[in-house]
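Colleague: Got a minute to go through this model with me? Put it up and let's talk.

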Amino acid sequence: MSNDSKRSEETNAGRSKVLRILQLVKNAQQKHGLRHENYQRYRGYCARRIERIRKSLKFMHSYKCAPKRAAKFVARNVSAELVGDLRFLQIVVFEVERNWAYAMQMKFETIDLPLSRKKFHMRQKLRRAVKCALFLESLVDGNQLVHRVTHLETKSYVSFICGSLELELKNWKGAVDAFDRARAGYTELFGQVKANELEETYAAKCRDVENLLNLCQAQSGDANVLLSTVSSVNLNASEDERKPPLEQGVIKAVPGNTEQKKRVRLAMEPKPLKPFFFDLALNFIKSSDQSNS
């Protein structure tokens, strides 16, 4: 694809009223390396994409030169007044993606090196991605120049990036909260779209977020989460599943002498078992009572 066609696509994307961040990011990831988990290639693409957008907008960083002195770098940051053109939002989105891809690249490089100090650099890049994502949210939040769908897309995207950082830091409760917000946002977006391609994109993202949410809930070990899961399973069970096995017809009455029937009846009586999740719940309640007292 030539540079002129790339610039025309970016110009048309900037003139549109709605910025579909998920579709924009997914297309870029699939075409530029992440189909083969090549994060370094995708990181380089994000940097070049940011530079191309800045050139098309004539919004480049500059250097302030003075005689006999080193040039001073002058940054041009995106402000809330500029986001009427969605290309300014794309600059921040790809800045988030660049830092996230850099973090994932170092994570894959340190899979076989658990003692490597690259993991600290990786976490710093994730924090940088979260910082850029929160800046993106501040640009969109309460801005009348931004469409409501773009606002919802931004909220969901920022929640997912924040959840990725909390997941890496093993802060399970924070990750559960962030992924829960992302799931709610993408579910709402899924209900609003009409195009089949967008429906598949949002449905796949909802499944991915749901899997990460289940992982964080399982790792959190929270008694409330476990009890809510058990109660939901019991509530979703059918009436036949709630019946004792004798009433379900799984174990039929044994014809013959009364002694054999008595053994079957005793075997079906409830036993005082304490599963693992009930132990967790009791310990959680006891610890909370002691702290309150």
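Modeller: Here we look at a helix pair, one tyrosine and the cysteines.
Modeller: It's a predicted model, where local features need pLDDT of at least 70, side-chain atom pairs count only at pLDDT 80 or more, and totals for chains, interfaces and linings use all residues. Residues are numbered from 1 along each chain as its sequence is written, and side-chain values use heavy atoms, with hydrogens and water left out.

Colleague: How do the axes of H2 and H8 cross?
Modeller: At roughly 85°, coming within 11 Å; H2 is residues 21–31 and H8 is residues 196–220. So H2 is roughly perpendicular to H8 (65 to 115 degrees counts as that). Helices here are DSSP runs of H or I, at least four residues, numbered from the N terminus. Axes are lines fitted to C-alpha atoms over the stretch in contact, with angles from 0 to 180 degrees between N-to-C directions.

Colleague: Which residues make the contact?
Modeller: Leu22, Gln23 and Lys26 from H2, with Leu198, Thr201, Tyr202 and Lys205 from H8. Contact means heavy atoms within 4.5 Å.

Colleague: And Tyr202, buried or exposed?
Modeller: Buried, at 1% relative accessible area (buried is under 20%, exposed over 50%, partly exposed in between, with a 1.4 Å probe and protein chains only). Beyond its neighbours within four places in sequence, Tyr202 touches Arg20, Leu22, Glu153, Tyr186, Leu189, Phe190 and Val193.

Colleague: Switching topic, how many disulfides?
Modeller: Zero, counting a disulfide as a pair of cysteine sulfur atoms within 2.5 Å. Cys46 is buried at 0% relative accessibility, and Cys216 is buried with a relative accessible area of 0%.

Technical notes: Helices (H or I, at least four residues) and strands (E, at least two) are DSSP runs, numbered from the N terminus. Angles under 35 degrees count as roughly parallel, over 145 as roughly antiparallel, 65 to 115 as roughly perpendicular and the rest as oblique.
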